[in-house]
Amino acid sequence: NNKLLVSAGYHNPDIFCFDYLTGKCLWGLKLAETGASVMVIDDGMLLINTQSCTLYAIDIEKGTLAWSKWLGPNINHSPTIANQKVYVA
């Protein structure tokens, strides 16, 4: 849907969404932790882990946090989605 989703970097908790045709910033969201993983997108949701233990689900259209779940120490991989389930190692 003409959106470019970017993290501000590993040591920064900010996530941004831009219109990739115009470059206009559509929204920004500050996560509670830094260390963002690779982003995964499915069914209008952006899923992202942080190194310090939390999985976030962000509504791409609204730029709002749908839910988050603390998973445990040192999550160093991106989430995976299969059959409408989220997997994190």
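Two strands are taken as paired if DSSP finds at least two bridges between them, and with that rule in hand the tour of this predicted model can start at the N-terminal end.

**First stop: strands S1, S2 and S3**

Select residues 3-7, which are strand S1, together with strand S2; the two pair in the antiparallel sense over five bridges. To fix the register by eye, pick Lys-3 and look across to S2, where its bridge partner is Asp-19. Six residues lie between the two strands of this hairpin, and if you select Gly-9 in the turn you will find a residue with a positive phi of about 125°.

Now add strand S3 to the selection, since S2 and S3 also pair in the antiparallel sense, over five bridges. Here the register can be read from Ile-15, which stands opposite Leu-29 in S3. S2 and S3 form a hairpin with five residues between them, and Gly-23 in its turn has a positive phi of about 85°.

**Second stop: side chains on this hairpin**

Show the side chains of Asp-14 and Lys-30, which meet in a salt bridge with an N to O distance of 2.9 Å. Asp-14 lies in strand S2 and Lys-30 in strand S3, so the pair ties together parts that are 16 residues apart in sequence. The two partners differ in their surroundings: Asp-14 counts as buried at 15% relative accessibility, whereas Lys-30, at 56%, counts as exposed.

Next select Phe-16 and Phe-18, having in mind that the structure holds one aromatic pair. The centres of these two rings are 6.2 Å apart and their planes are at 40°, so the pair is tilted. Phe-16 is partly exposed, with a relative accessible area of 27%, and Phe-18 also counts as partly exposed, at 24%.

**Third stop: the open sheet**

Move on to strands S4, S5, S6 and S7, which form an open sheet in the order S4-S5-S6-S7 with antiparallel pairing. Strand S4 (40-42) and strand S7 (64-70) stand at the edges with a single partner strand each, so one side of each is left without a neighbour in the sheet. Viewed across the sheet, the twist averages 20° from one strand to the next.

Within this sheet, select residues 54-59, which are strand S6, and follow the six bridges that join S6 to S7 in an antiparallel arrangement. A convenient marker is Thr-54, whose bridge partner in S7 is Trp-70.

**Fourth stop: two residues of S6**

Which residues does Leu-55 contact, leaving aside its neighbours within four places in sequence? Leu-55, found in strand S6, is in contact with Ile-48, Asn-49, Trp-67, Ser-68, Lys-69, Leu-71, Pro-79, Val-86 and Val-88. Leu-55 is buried, with a relative accessible area of 4%.

Step along to Tyr-56, which touches a set of residues that includes Leu-31, Leu-46, Ile-48, Leu-65 and Trp-67, again not counting residues up to four places away in sequence.

**Fifth stop: the nonpolar core**

Tyr-56 leads into the largest nonpolar core, which has 12 residues in all: Leu-5, Ile-15, Cys-17, Trp-27, Leu-29, Leu-31, Ala-36, Leu-46, Ile-48, Tyr-56, Ile-58 and Ile-60. Colouring these by strand is informative, as strand S2 (14-19), strand S3 (25-30), strand S5 (45-49) and S6 each supply at least two residues of this core. As a general background, nonpolar side chains in soluble globular proteins tend to be buried together.

**Sixth stop: a salt bridge between distant parts of the chain**

Return to Lys-3 and select Glu-61 with it, for Glu-61 forms a salt bridge with Lys-3 in which the closest N and O atoms are 3.3 Å apart. The pair links distant parts of the chain, with Glu-61 in the loop between S6 and S7 and Lys-3 in strand S1, 58 residues apart. Glu-61 counts as exposed at 51% relative accessibility, while Lys-3, at 25%, counts as partly exposed. The count of salt bridges comes to two.

**Last stop: Gln-84**

Finish at Gln-84, whose place is in the loop between strand S8 (80-82) and strand S9 (85-87). Is this residue buried or exposed? Gln-84 is exposed, with a relative accessible area of 78%. Add Asp-43 and draw a distance between the two C-alpha atoms, which are separated by 9.1 Å although the residues are 41 apart along the chain.

Technical notes
Residues numbered from 1 in each chain as written. Predicted model: local features only at pLDDT ≥ 70, side-chain atom pairs only at ≥ 80, totals over all residues. Heavy atoms only, no water. Helix = DSSP H or I, 4+ residues; strand = E, 2+ residues; numbered from the N terminus. Axes fitted to C-alpha atoms, helices over the stretch in contact; angles between N-to-C directions. Core = buried A, V, L, I, M, F, W, Y, C linked by side-chain atoms within 4.5 Å. Buried < 20%, exposed > 50% of the residue type's maximum accessible area, 1.4 Å probe, protein only. Contact = heavy atoms within 4.5 Å. Salt bridge = Lys/Arg side-chain N within 4 Å of Asp/Glu carboxyl O. Phe/Tyr/Trp six-rings, centres within 6.5 Å; stacked < 30°, edge-to-face > 60°.
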